[in-house]
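Thanks for making room for me this morning. I would like to walk through the spaces in one structure, and then through a few places in its backbone, so please have the picture in front of you.

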Amino acid sequence: MNIYEHQAKEIFQQYGIKVPRRRLVENFAELKEAYAILSPSVVLKAQILGGGRGKAGGIYFASSLPEVEAGWSKLKGSALHGQEIKKLLLEEKVGIIQEFYLGITISPDEYCPVVLISSHGGIDVETISKEHGNFLAEAKIDPCFGLHGYVLGELINRLGIDSQLTNELSNIGKKLYQIFRDYRATLVEINPLALTQENELVAVDARLALDDNAVPLYVHLRQLKASMEQTVEDALKQKGIDYVELNGNIGIISVGAGETMATMDLVSREGGVPACFLDFSGGVNTDSIETALRTVSAREEVKAVLFNIFGGLTRIDLVADGFLRAWQRIGGTKQPVVIRVEGTNSHLGKEALAKAGFDTCATLLEAVKLVVELGKEG
Ligand code: GDP
Ligand code: MN
């Protein structure tokens, strides 16, 4: 679970990390009030989940009220990375001399937390690691041992960062690790961590992502989740559907995590890009099929849909019946739907579908090839 920058900054501040003076604003009156306090030079920042706002036009600099208002009208209510911008963070503009990167995440290769520091922050860390390998240093963290100053000191030294900053940078690193543990994070990141003209290190940006599996176990994490607006993913989860939005144009509807992943892999192998991962974990019936078809087909990017159900305990005759009822309820989808059903009672299911005018593919591979083709045409 990702949380918003303004929430992460509250937490960073509680742990003693310096963050810019700021106000969260939701309407015009609040904007003007906030600007009166933070003027003259400010930054308007779109509050959406995830980073990369700068490049996508979600960060706006202003140094007068008309400029602030112009930024507001541009950002407020518009969409960024598929999310509507409802709130903005108005911040005093910090005079930056140098930008660092400081982050802690869990390494899938090392099976442990790792701390990463870069003397060239601001850009995303993947770019830093690919293009500026020498500017990035990392160290594994043994959770039983913790993150100690000398480890951070060694990284800072290796990067050739001014030794006058070593203490302060290590302190921020240690605080970040404390947050990482206390919030059961999968990622905690300051990018950029700015060295200001006043010679202070300030977290100009803040990101914190929590482990979804840990959230139900802790009161403070549950509270944090409750304060978040429900995402499409959350709403579907409550209906027994695991759903993850991806960047492609092929909507995948399947059952079981294994089969869904295998389907995604096949789509990728055949040259397509999945638009989502949608797995009926809570049963395939008319209601869940209706929800799935509505969700997937509502997305502009989706050009073709693959409905791929293998029935073990699930009976395909019931799936076919559910599909036909759901199809009628929603009046069909604007995108073509490729159907592949197999398993228990599949001959009955295929018969019912054929009667209603729906072709089914003989194999998953055939279905995947067809949907990839249709995705290109759409
Ligand atoms: P992101 O693109 O979503 O990661 O958003 P950031 O909060 O990191 O802002 C993008 C970039 O805008 C940063 O990397 C900075 O270079 C710049 N920026 C943001 N806030 C300030 C500020 O207060 N002062 C200055 N000088 N630059 C800023
Ligand atoms: Mn950033």
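How much space lies in the largest cavity? Before I answer, please keep in mind that what you see is a predicted model, and that the values I quote are computed from it. The largest cavity holds about 70 Å³ of space, and the structure has 1 cavity of 30 Å³ or more. Its lining is made up of Asn2, Ile3, Tyr4 and Glu5, then Ile48, Leu49, Gly50, Gly51 and Arg53, and finally Asp205, Ala206 and Arg207. Sorted by class, that lining contains 5 nonpolar, 3 polar and 4 charged residues.

Let me turn from the cavity to the pockets. The largest pocket contains about 1800 Å³ of space, and 43 residues line it, with Leu49, Gln83, Thr231, Val232 and Glu233 being the closest to its centre. You may recall Leu49 from a moment ago, as one of the residues lining the largest cavity. If you would like to trace this pocket on the screen, the elements that each supply at least two residues of its lining are helix H1 (5-14), strand S5 (83-84), strand S12 (207-210), helix H8 (219-227), helix H9 (232-238) and strand S13 (241-245). The classes in that lining come to 15 nonpolar, 14 polar and 14 charged residues.

The second largest pocket has about 1100 Å³ of space, and among the 40 residues that line it, Gly122, Ile123, Asp124, Glu189 and Asn191 are the closest to its centre. Strand S7 gives the largest share of this lining, namely 6 residues, and the lining as a whole divides into 17 nonpolar, 8 polar and 15 charged residues.

Which pocket, then, does ligand 1 sit in? Ligand 1 is found in the second largest pocket. There are 18 residues around ligand 1, and those that come nearest are Lys45, Arg53, Gly54, Val94 and Glu99. The shell around ligand 1 draws at least two residues from each of strand S2 (42-46), helix H3 (53-56), strand S3 (59-62), strand S7 (96-107) and strand S10 (185-196), and by class this shell has 7 nonpolar, 5 polar and 6 charged residues.

For those of you who think in terms of individual contacts, three of them deserve a slower look. In the side chain of Glu99, an N or O atom lies 2.6 Å from an oxygen atom of ligand 1. In the side chain of Arg53, which also takes part in lining the largest cavity, an N or O atom is 2.8 Å from an oxygen atom of the ligand. With Gly52, the atom concerned is a backbone N or O, and it lies 3.3 Å from an oxygen atom of ligand 1. As for how much of the ligand is covered, ligand 1 on its own has 560 Å² of accessible area, and the protein covers 84% of that.

I will finish with the backbone, where three places are worth finding on your screens. The peptide bond that leads from Ser39 to Pro40 is cis, with omega near 5 degrees, and Pro40 belongs to the loop between helix H2 (28-38) and S2. A cis peptide bond also joins Asn191 to Pro192, with omega at about 10 degrees, and here the proline is placed in strand S10; Asn191, as I mentioned, is among the residues closest to the centre of the second largest pocket. Lastly, Tyr111 is not a glycine, and yet it has a positive phi of about 60 degrees; you will find Tyr111 in the loop between S7 and strand S8 (112-118).

Notes: Residues are numbered from 1 along each chain as its sequence is written. Chains are lettered from A and ligands numbered from 1 in the order in which they are written. This is a predicted model: local features need pLDDT of at least 70, side-chain atom pairs count only at pLDDT 80 or more; totals for chains, interfaces and linings use all residues. Side-chain values use heavy atoms; hydrogens and water are left out. A residue is near a molecule or strand if one of its heavy atoms lies within 4 Å of it. A polar contact is a pair of N or O atoms within 3.5 Å; within protein, one must be able to donate a hydrogen and the other to accept it, and residues adjacent in sequence count only if both atoms are side-chain atoms. Accessible areas come from the Shrake-Rupley method with a 1.4 Å probe; for residues, only the protein chains shown count as cover. On a 1 Å grid over the protein atoms alone, a cavity is a set of points where a 1.4 Å probe fits but cannot get out, and a pocket is an open set with protein on both sides within 12 Å along at least five of seven lines; lining residues have an atom within 4 Å of a point. A molecule sits in a cavity or pocket if more than half of its atoms lie within 2 Å of its grid points. Helices (H or I, at least four residues) and strands (E, at least two) are DSSP runs, numbered from the N terminus. Ala, Val, Leu, Ile, Met, Phe, Trp, Tyr, Cys and Pro count as nonpolar, Asp, Glu, Lys and Arg as charged, and the others, Gly among them, as polar. Grid points are joined across faces, edges and corners, and a volume is the space filled by probe spheres set on the points.
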